[in-house]
Amino acid sequence: MKKVVLAALNAKYIHSNLALRYLSRFQDNNKKHNVLTREFTINQRLDFIAEELFRLQPDVILFSAYIWNVEMLRELCVVLKKILPNCILGFGGPEVSYESETFLQENPSVDLVMRGEGEIVFSKLLDYFDHGTPSLEEIGSLTFRKDGKIISNIAEAPLDLALLPFPYDADFKDVENQIIYYESSRGCPYQCGYCLSSVEQGVRFVPLEKVLPDLQRFLDANVNQVKFIDRTFNCKKSHAMAIWKYLHEHDNGVTNFHFEMTADLIDQETIDFLKTVRKGLFQFEIGVQSTNPHTIQAINRNVDFEKLSGIVKQIKAGGNIHQHLDLIAGLPHEDYESFGRSFNDVYNLDPEQLQLGFLKVLKGSMLHQKQKEFDIVYHDKAPYEVLTTHMLPYEDTLRLKYIEEMVETYYNSGKFLHTLDYLVPLYENPFAFFEELSQFWLAEGSQYKSLSKIGLCDVLWSFVQKNEKVDLSRFQWAMKFDIALHEKPKKLPVWLKVGGNGQEYERITAKLVQKYIPSYADAEKKVLIKHTYLDVFGDEEPKAILLDYGHRDLLGNAEYLVIPMEEVEELLQQEKKK
């Protein structure tokens, strides 16, 4: 029996590889054959990964290839072929599925490629490795070397998704401290020009009689988060609503579920239902990509931004669902100014996160085929990120790169929400604020520094000095509140002089906690000190805020309550009389 290793190089340790788990568990192949799985990260040394695989002495190693790991995998296979010359090396995944023959020609250390979905291909390959049947020529969706030639078999029929195994161990120890992924459908109904899903035809759904028991396992285990990888989760309303209603009715009060959505498909009935779910139960990622109508048409998007905006605003008004909105820089007909308008359109919807990404010219995608039409110039190596287009010179790409960094650092981190709420309206528009901040960041050489939270506060303090519209006192109060929201204040920037240090309120915190946060009613004093904090913020209209660090939102900010000032002052007077 051959020893087969399924291996992945994840982008980060917290990521898990769903493909490996499906393959290894499909029809209990891991019991019928000698299959091992190993996950590494791209941050580990190539030699270390090679050493670990060598120690297993495998007969076959099959790698899961994506744009973030394929370059490292190419190098790794050259080394493996030298130290394990008789080991068969194979690839699968979206990065190698669309130009598999070219990939094998360019990588002589690789012996075969599994194209598209891998469960059936892998199952037949295992039978071939152990029993010699079926022959390689009889395995659909396989590209391989034979007698000095490269052969590509016809595509395998799509898998019946009812046969998908549950991908995780019963106790979830295999994904402890990692992100858990799940899929309830494959394919996408849209033909977006930048996406590989446009190559696939139609959408197939995992039967609900399988999905719902799977989801109950996550709920029973109280896992922190489950990310659905469905390309457009809500493309079929009955499927999406059945899952959402089940999760709502069986909510464990802990688990968060993340979905990639098309917002303009959501109708009023769905919105009314979504307003009833627990805060934090759902999280939506909504692809906008651009609000330029010429760009939308060029990439085959069919999104009504006005309708999308209304739906996003209604969901936002519900106050219970985090929304992540996506933009892509480098698309056709989008220059720097046009992208700025798209940015402002999306920023003004007030999403919890605004993901500013850059076009990846993926093999097999429509934009890969039309790169010359739009003068798209991109990196030769994965992830094939855009450098210039017919509308975007490289200097503008660079400007957008640093605007992206400012958005990630100050907005998406969730650590400066109230500070930005005060600062951004002082500028002509949100894009103008982040543009000016990015230019200041570069002028100060901050791109060369590894800045702490205090260091990032210092950058903003220096930045606002040149803007006469900024009320420095209001800025400091907002900054102090943001610091307190993220962690119990221990060290503040030297320039942050507003208010006291909160110590005077420690004597009355326990009484207020017992009244307003019942979950701490029986907690010891040291627990209260660790998990709660009371302070007064603001000078013109001061507010007493009671923060609870034991309960946080998805951005890591503490939950808090506004306590009547008169109640706080009365308790302080009582303490002074003791």
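Trainee: Why does Phe-218 count as buried?

Mentor: This is a predicted model, and in it Phe-218 has 0% relative accessibility. Buried means under 20%, so Phe-218 counts as buried.

Trainee: What makes Tyr-168 and Phe-218 an aromatic pair, and why is the pair called edge-to-face?

Mentor: Their ring centres are 6.2 Å apart, and rings pair if their centres lie within 6.5 Å. The planes make 65°, and over 60 counts as edge-to-face. Tyr-168 is buried as well, with a relative accessible area of 4%.

Trainee: Why is the pair of Phe-172 and Phe-218 called tilted?

Mentor: Here the centres are 5.6 Å apart and the planes stand at 40°. Stacked needs under 30 degrees and edge-to-face needs over 60, so this pair is tilted. Phe-172, at 7% relative accessibility, is another residue that counts as buried.

Trainee: What parts of the chain does the pair of Phe-172 and Phe-218 link?

Mentor: Phe-172 sits in the loop between strand 7 and strand 8, while Phe-218 is in helix 7, 46 residues apart. Ring pairs also join these residues into a cluster, with Trp-244 and Phe-282 among its other members.

Trainee: Let's move to helix 18. How do you know that helix 18 is largely enclosed by the rest of the structure?

Mentor: Count its buried residues: twelve of the 15 qualify, so helix 18 is largely enclosed. Among them are Phe-475, Trp-477 and Leu-485. The cover includes helix 15, helix 17 and strands 18, 19 and 20.

Trainee: What span is expected for helix 18, and what does it reach?

Mentor: Helix 18 reaches 21 Å from its first C-alpha to its last, close to the 21 Å expected for its 15 residues at 1.5 Å a residue.

Trainee: What makes the link between Asp-471 and Ser-473 a polar contact?

Mentor: A side-chain oxygen of Asp-471 comes to within 3.0 Å of the backbone nitrogen of Ser-473, at the start of helix 18. The limit for such a contact is 3.5 Å, so the pair fits.

Trainee: And the sheet: why are strand 18 and strand 20 said to stand at the edges?

Mentor: The sheet is open, with three antiparallel strands in the order 18-19-20. Strand 18 and strand 20 each have a single partner strand, so one side of each lacks a neighbour in the sheet.

Trainee: How do you know that strand 19 and strand 20 pair?

Mentor: Six bridges join them, and a pair needs at least two. Leu-547, for example, stands opposite Tyr-560 in strand 20. Helix 18 packs on this sheet too, touching strand 18, strand 19 and strand 20.

Conventions: Residues are numbered from 1 along each chain as its sequence is written. This is a predicted model: local features need pLDDT of at least 70, side-chain atom pairs count only at pLDDT 80 or more; totals for chains, interfaces and linings use all residues. Side-chain values use heavy atoms; hydrogens and water are left out. Helices (H or I, at least four residues) and strands (E, at least two) are DSSP runs, numbered from the N terminus. Contact means heavy atoms within 4.5 Å. Axes are lines fitted to C-alpha atoms, for helices over the stretch in contact, and angles run from 0 to 180 degrees between N-to-C directions. The expected span of a helix is 1.5 Å times one less than its number of residues. Buried means under 20% relative accessible area, exposed over 50%, partly exposed in between (1.4 Å probe, protein chains only). A polar contact is a pair of N or O atoms within 3.5 Å; within protein, one must be able to donate a hydrogen and the other to accept it, and residues adjacent in sequence count only if both atoms are side-chain atoms. Rings of Phe, Tyr and Trp (its six-membered ring) pair if their centres lie within 6.5 Å; planes under 30 degrees apart count as stacked, over 60 as edge-to-face and the rest as tilted.
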